[in-house]
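Q: Please take a close look at the largest pocket of this protein. What lines it, and what surrounds it in the rest of the fold?

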Amino acid sequence: MMPKTFILGTRGSQLALRQSEMVRDALLQHFPDLHIELKIIKTKGDQLQHLALDASGDKGLFTGALEEALRSGAIDFAVHSLKDLPVDPAPGTRIAAYLPRAVTHDTLIGAAPLDALPEGALIGTSSKRRAYQIALHYPHLRTAPIRGNVETRMKKVEEGLFDATLLAEAGLTRLSMTEVTRFPISEDVIVPAPGQAAIAVQTRDEASNLQELLRHIHDAKTAQEVTIERSLLKRLGGGCALPLGCCCHITEGMAELRIFYANSTGTEHYLATHHAPLSQIDTLLAQLTEQLKHITTL
């Protein structure tokens, strides 16, 4: 029997709430009689704002509390930014749907684009992936950790604490920040994180009735692309703090796979773009895994 109300778990940031509203609204377009209530869950990442993202060692920094609420029955399903979600869902849960993916590239918030920033300009980012790629392409620029949601990071730039910061363009678009001065960054310069710009909906394994509803908003192409990206991430044994950029675009059975990877100090790196038919993608991923694991030891 279908429950009268489904409880949708979400983080409390404006972006998280917007993404949860997108899932709710997509479901209501197909099933207007559904009742869906949003419930805010505070995660460890929200509580530990002072902690650098790569310092905790916690692969579920922004998702663990949501998964716990899901497994306990406090919520019926959870909405995540996929790049925050560990590659192995919590036992007893599964990703039941992906919304159609937004643009995947990163964006610079600041007074000028990357190639016009003066020597010594300070860019706020808590991502080693971003910091190491900036160092590779723009060695005259500096980076330093920055924490907080989209609005907080932008305010720190406005206050002059940083000359610029880096954000995923998808988040700015979802928040309708059309007035914000920003500069798109080519994926050739900063390779996006695995799963970037994808919204994932997680349920309990046994929630077959809810999974059937979510099937109507699921985007198969997004699922295919992010599964390839996260497969490489899993093979390397990492979470969202791993300095890995991996972005897949599929067109007519061909995958374009852009890769950036660095060792823990950023002194060695791998940067390449590969093209392969989907029938050969597993072979390519296996070859890449061996190459990238070698870099880790350097």
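A: The answer starts with the whole chain, turns to the pocket, and ends with the cavity and the cores.

This is a predicted model, in which local features need pLDDT of at least 70 and side-chain atom pairs count only at pLDDT 80 or more, while totals for chains, interfaces and linings use all residues. Residues are numbered from 1 along each chain as its sequence is written, and side-chain values use heavy atoms, with hydrogens and water left out.

The protein has 9 helices and 13 strands; helices (H or I, at least four residues) and strands (E, at least two) are DSSP runs, numbered from the N terminus. Of its 298 residues, 51% count as buried, that is, under 20% relative accessible area with a 1.4 Å probe, protein chains only.

The largest pocket has a volume of about 1000 Å³. On a 1 Å grid over the protein atoms alone, a pocket is an open set of points with protein on both sides within 12 Å along at least five of seven lines, a cavity is a set of points where a 1.4 Å probe fits but cannot get out, and lining residues have an atom within 4 Å of a point. Grid points are joined across faces, edges and corners, and a volume is the space filled by probe spheres set on the points.

Of the 48 residues lining the largest pocket, Arg11, Phe62, Lys83, Asp84 and Arg153 are the closest to its centre. Elements giving two or more residues to this lining are α1 (14-30), β3 (77-81), α4 (128-137), α5 (150-158), β8 (164-168) and α6 (169-174). With 4 residues, α6 gives the most. The lining divides into 22 nonpolar, 15 polar and 11 charged residues; Ala, Val, Leu, Ile, Met, Phe, Trp, Tyr, Cys and Pro count as nonpolar, Asp, Glu, Lys and Arg as charged, and the others, Gly among them, as polar.

A search of the whole structure also finds 1 cavity of 30 Å³ or more. Of the 10 residues that line the largest cavity, Leu85, Pro86, Leu233, Gly239 and Cys240 are the closest to its centre.

The largest nonpolar core (buried Ala, Val, Leu, Ile, Met, Phe, Trp, Tyr and Cys residues joined through side-chain atoms within 4.5 Å) has 21 residues. Its largest share, 6 residues, comes from α9. A second, separate core of 19 residues includes Phe6, Leu8, Ile199 and Leu214.

Technical notes:
Buried < 20%, exposed > 50% of the residue type's maximum accessible area, 1.4 Å probe, protein only.
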